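Biologist: I've got a model open here and a handful of labels I'd like you to justify. Mind if I quiz you?

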Amino acid sequence: MRNIFVEKLNQPYIENVDIEIVERKGIGHPDSISDGIAESVSRALCKMYMDELGGVLHHNTDEVQITAGNSNPKFGGGEILKPIDILLTGRGVSEFEGKKLPLDRIAIEAAKEFLDDTVINLDVNTDCVVECKIGHGSGDLVDVFRREGAPSSNDTSFGVGYAPFSEVETIVYETEKLLNSKAFKAQHPAVGEDIKVMGLREGDKITLTIGCAMVSKYLANREEYIAVREELKDIAIDFASKFTNREVTVFVNTADNDDATDESGYYLTCTGTSAEMGDDGSVGRGNRANGLITPCRPMSMEASSGKNPINHVGKIYNLLSNKIAHDVIDEVEGVKQINLMILSQIGKPIDQPKAASAGIILEDGYEMDKVSPKVNAIIDKWLEDISVITEEVVQGKAQTF
């Protein structure tokens, strides 16, 4: 028997809270770039270990640090003056049973591939410097697919999840996804990847404040910049109407100075990320594992990106709790909202948490004694099949930021 607890959630339904604040840092934000690199390096190491040894060796690559460069963006052009410094640290295994493994090379290649795919206007050969300082150690081979029993937790930690997303959470999340989609970039090349969407709901009024780095070479002058900025505002308002009937107001680049006659008054970049000109980044300072920053909801401070997917509960339990929460909403009739917390103990099997605690709000007319067993069963089944999380991470199918 697992330590599963299901109880009534003694707090208001999220849509009935007067004030709600939600944030998402886009894929080109320095913190998100750090998360993305960390996770890409971990995945690449997993693939290398599996290809070379048939299983995954212990590693953690969740200590990526970005030190901003310097640039001189100009309408119609600009240049990078000082490259962005990207430091890969953490721990990995570079030799096992006499077999040497190209850990550093694989890590640097993975980081550059992520950057090349993510920040379209960044030249990874000239605009950044990637340095690998991942510590080399020895470790036991952990076979993802053939091991006996669940691995032991590497830490006493917890993961949290909730469902469903509120209207403003959905709008914030989907707006960033839209603006940073490949299709959108093809139509709007001046829109960079460093996009932050901040949502505020005051009763039935939603306000979005969007910070968007613009790519200078696609904008000939301030008039073109302002036109793109205003178009973004209209696009965001129209897009939000798909998810809510509430009043939505959108602001874009509120620090702009439209009285300026040159580039100094606007959010211009050469590459589309502020990492080129003053903004540093670190793993774990941005979005949680569900892709959002939500001070009105339960959150874990764990950095999920880059942690090993075998026994690091700081990663596994955060991914797992969100999976469970959404499955409960989708599969259990009568559950209006669920908050889930899963706690590990170091050295104990990860499928046997110290506590898996679910708090639920029910729709009118439903009773806890009828619903609780169904929620319990979903939690228990996911814990029994917890290796699915590991496999999804290794295959690149799991979102960590």
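Biologist: How does the lining of the second largest pocket divide by class into nonpolar, polar and charged residues?

Modeller: Keep in mind that this is a predicted model. The lining of the second largest pocket has ten nonpolar, nine polar and six charged residues. That pocket has a volume of about 440 Å³, and among its 25 lining residues N253, A255, Y266, Y267 and L268 are the closest to its centre. By class, A255, Y266, Y267 and L268 count as nonpolar and N253 as polar.

Biologist: Which element gives the most to that lining of the second largest pocket?

Modeller: β15, with five residues.

Biologist: And the largest pocket: what is its volume, and what makes up its lining by class?

Modeller: Its volume is about 640 Å³. The lining divides into nine nonpolar, eight polar and 13 charged residues. Helix α1 gives the most, with eight residues. Of the 30 lining residues, S40, R43, F114, T118 and F401 lie nearest the centre.

Biologist: What makes D351 and R2 a salt bridge?

Modeller: Their N to O distance is 3.7 Å. The cut-off is 4 Å between a side-chain nitrogen of Lys or Arg and a carboxyl oxygen of Asp or Glu, so an Arg and an Asp at that distance qualify. The pair links distant parts of the chain, 349 residues apart: D351 sits in the loop between β20 and β21, and R2 in the segment before β1.

Biologist: Why is D351 called buried?

Modeller: Because its relative accessibility is 16%, and buried means under 20%. R2 passes by that rule too, with 17%.

Biologist: Then are E109 and R105 buried or exposed?

Modeller: Partly exposed, because E109 has 35% relative accessibility and R105 has 46%, and that label covers values between 20% and 50%. Their side chains meet in a salt bridge at 3.1 Å, N to O. Being four residues apart in helix α2, E109 and R105 are separated by about one helical turn.

Biologist: How do you know that E230 and R229 form a salt bridge?

Modeller: The closest N and O atoms are 3.3 Å apart, and the limit is 4 Å, so the pair counts. Salt bridges that share partners join R229, E230, K233, D256 and D258 into one network. As for accessibility, R229 is buried at 6%, while E230 is partly exposed at 29%.

Biologist: How many salt bridges turn up in the whole structure?

Modeller: A search finds 28.

Methods:
Residues are numbered from 1 along each chain as its sequence is written. This is a predicted model: local features need pLDDT of at least 70, side-chain atom pairs count only at pLDDT 80 or more; totals for chains, interfaces and linings use all residues. Side-chain values use heavy atoms; hydrogens and water are left out. Helices (H or I, at least four residues) and strands (E, at least two) are DSSP runs, numbered from the N terminus. Buried means under 20% relative accessible area, exposed over 50%, partly exposed in between (1.4 Å probe, protein chains only). On a 1 Å grid over the protein atoms alone, a cavity is a set of points where a 1.4 Å probe fits but cannot get out, and a pocket is an open set with protein on both sides within 12 Å along at least five of seven lines; lining residues have an atom within 4 Å of a point. Grid points are joined across faces, edges and corners, and a volume is the space filled by probe spheres set on the points.
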